[in-house]
Amino acid sequence: MTFAPKLPLLAMFLLSSWAATLRAETAPVLPHVFGDHMVLQTGTPVPIWGTAAPGATVTVTFAGQRAQATAASGNGAWRVVLEPLAVSAQPADLTIATTQEVVFHDVLVGEVWLCAGQSNMQKPVGTWRGQPVTTVDAERELAAADHPLIHLMNIEIATVAAPAWDLATAVRPKQDYPWKGWVACTPASLDEIKFSAVGYFFACRLAQELGVPIGVIEASAGGTSIENWTPAGAFAADPALADYATAALTPTVRFHGTPLTTLYNGMIHPLVPFALRGLLWYQGESNLIAGDGAIYANKMTALITGWRAAWGRELPFYYVQLPPLLYSARTGPASAPLAEPLFREAQTQALKLPGTGMVVTTDVGDLTNMHPPRKKQVGERLALWALAREYGKKDLTPSGPIYRAGSIEREGPKAVLHFDHVGKGLASRDGKPLTWFSAAGADGKFHPANAEISGDAIVVTSAEVAEPTDVRFAFDETADPNFGNRDGLPAAPFRTDTLPVPAP
């Protein structure tokens, strides 16, 4: 009897504990890509997904829509898809409810892009560890970075041996997955989260041209190789990458000095299938230094097709070609004088894939700095591709001249070359004779050449080559040529030959 008065208290305690446990079990959990201040993609179905108590009814409400799903009986995974959303700059709430609600505030609807790569994508507008040179006019750019319609999310580096974010196993990130949330762009927030300068300037140009909310997610890590970012299954589609496909079966093992797929698993796969407009990529230095030449073209194709397969869509993929740098001053595979020209040639090959575009950077490099500070031009040139291709800005030329493969015409002492992306016309950006052209005859030996603009073509001659059969342009790691178009964009380096390099 002396215990009788305590039984109701114990029962109440147990009941309270059970209720708390129930509430915890039934509260919906979402990946951290969802959060306050996020931007949802307009004009396309928008998946929302996560976990809840098995069997629970999950109700998602946003922008006048109401969608429901039942959490799976085993792991509680659920997913709904909202119908395409109209652009909205008015902050709204996204609610996900079971017996409890999760509410995300200040949600906008606009254009969402993912930018990824290594340190040149990672480099922020302001100061950054290990990079004493900031981007050009960093203080002024930061002070002017008050853009309420631009929202940014910077993902912390995370390497994972195997993807664990499929719908069947979607769980809340562990504590060692310290993702930063979405933030509205202000001078303080842009500097605090050290957001990609390239991604930021890309967003600014889009916001300026479109006048709609822009969301950019950054997933970058300095010193990383493209293999780190490639889905394991993507290597298998290319026989040239068969050894990578085999090694990717055990990604924790280093292969050719680098682990495979771990950054894809930790930083890209968790975003799938978040609705995006497209992808931005700036990477390659690590692969060049490791000795990749033509094989990098295969690796880029694997990455692009692998990411597109993950999202189930042919997402636009715009990327940056490496700028000039004295790689030959290094030791190792990159010290070959033509290592970088060959690597840039491999990067250009990705243009064969539909929905791709390449930014040329021969005019914004720094021969002694692997992290050149002129990132505004890079971001804005990426934006040109997006504006021209995705947003119907037909008055914009997205690129400088790109040699039209196979278009060379051999006319005795002349070689005539034709180009895509002529824009308002071919031009010398400084008004002087065109530079960095060379020509070879049947002996395959290249000599300096003169090049003159003739309408939409270039006519190449050389005093040392009686009948030029092939032409090279800017085929050198130090090349800073003046050939471009009247839109102010530099021409892409190229060669018409397939001779072994270096040529005899």
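These questions and answers cover one residue, the nonpolar cores and one sheet of a predicted model.

User: Is Thr 59 buried or exposed?
Analyst: Thr 59 lies in strand S3, which covers residues 57-62. Its relative accessibility is 13%. Buried means under 20%, so Thr 59 counts as buried.

User: With which side chain does the side chain of Thr 59 make a polar contact?
Analyst: Leaving aside residues up to four places away in sequence, Thr 59 touches Arg 66, Ala 67, Gln 68, Thr 95, Ile 96 and Ala 97. A polar contact at 2.8 Å links the side chain of Thr 59 to the side chain of Gln 68.

User: Which residues have the most contacts inside the largest nonpolar core?
Analyst: The largest nonpolar core has 117 residues. Ile 217 touches, among others beyond four places in sequence, Val 33, Trp 113, Met 153, Trp 182 and Phe 274. A second, separate core has 21 residues, including Leu 417 and Phe 483. In the largest core, the residues with the most contacts are Ile 217 and Trp 281.

User: Which are the edge strands of the open sheet that contains S18 and S22?
Analyst: Four strands form this sheet, with antiparallel pairing, in the order S19-S18-S22-S24. An edge strand pairs on one side only, and here that applies to strand S19 (446-448) and strand S24 (494-495).

User: Which residue in S22 stands opposite Phe 437?
Analyst: Strand S18 (residues 437-440) and strand S22 (residues 470-473) run antiparallel and are joined by four bridges. Opposite Phe 437, in S22, stands Phe 473.

Definitions and conventions:
Residues are numbered from 1 along each chain as its sequence is written. This is a predicted model: local features need pLDDT of at least 70, side-chain atom pairs count only at pLDDT 80 or more; totals for chains, interfaces and linings use all residues. Side-chain values use heavy atoms; hydrogens and water are left out. Helices (H or I, at least four residues) and strands (E, at least two) are DSSP runs, numbered from the N terminus. Buried means under 20% relative accessible area, exposed over 50%, partly exposed in between (1.4 Å probe, protein chains only). A polar contact is a pair of N or O atoms within 3.5 Å; within protein, one must be able to donate a hydrogen and the other to accept it, and residues adjacent in sequence count only if both atoms are side-chain atoms. Contact means heavy atoms within 4.5 Å. A nonpolar core is a set of buried Ala, Val, Leu, Ile, Met, Phe, Trp, Tyr and Cys residues joined through side-chain atoms within 4.5 Å. Two strands pair if DSSP finds at least two bridges between them.
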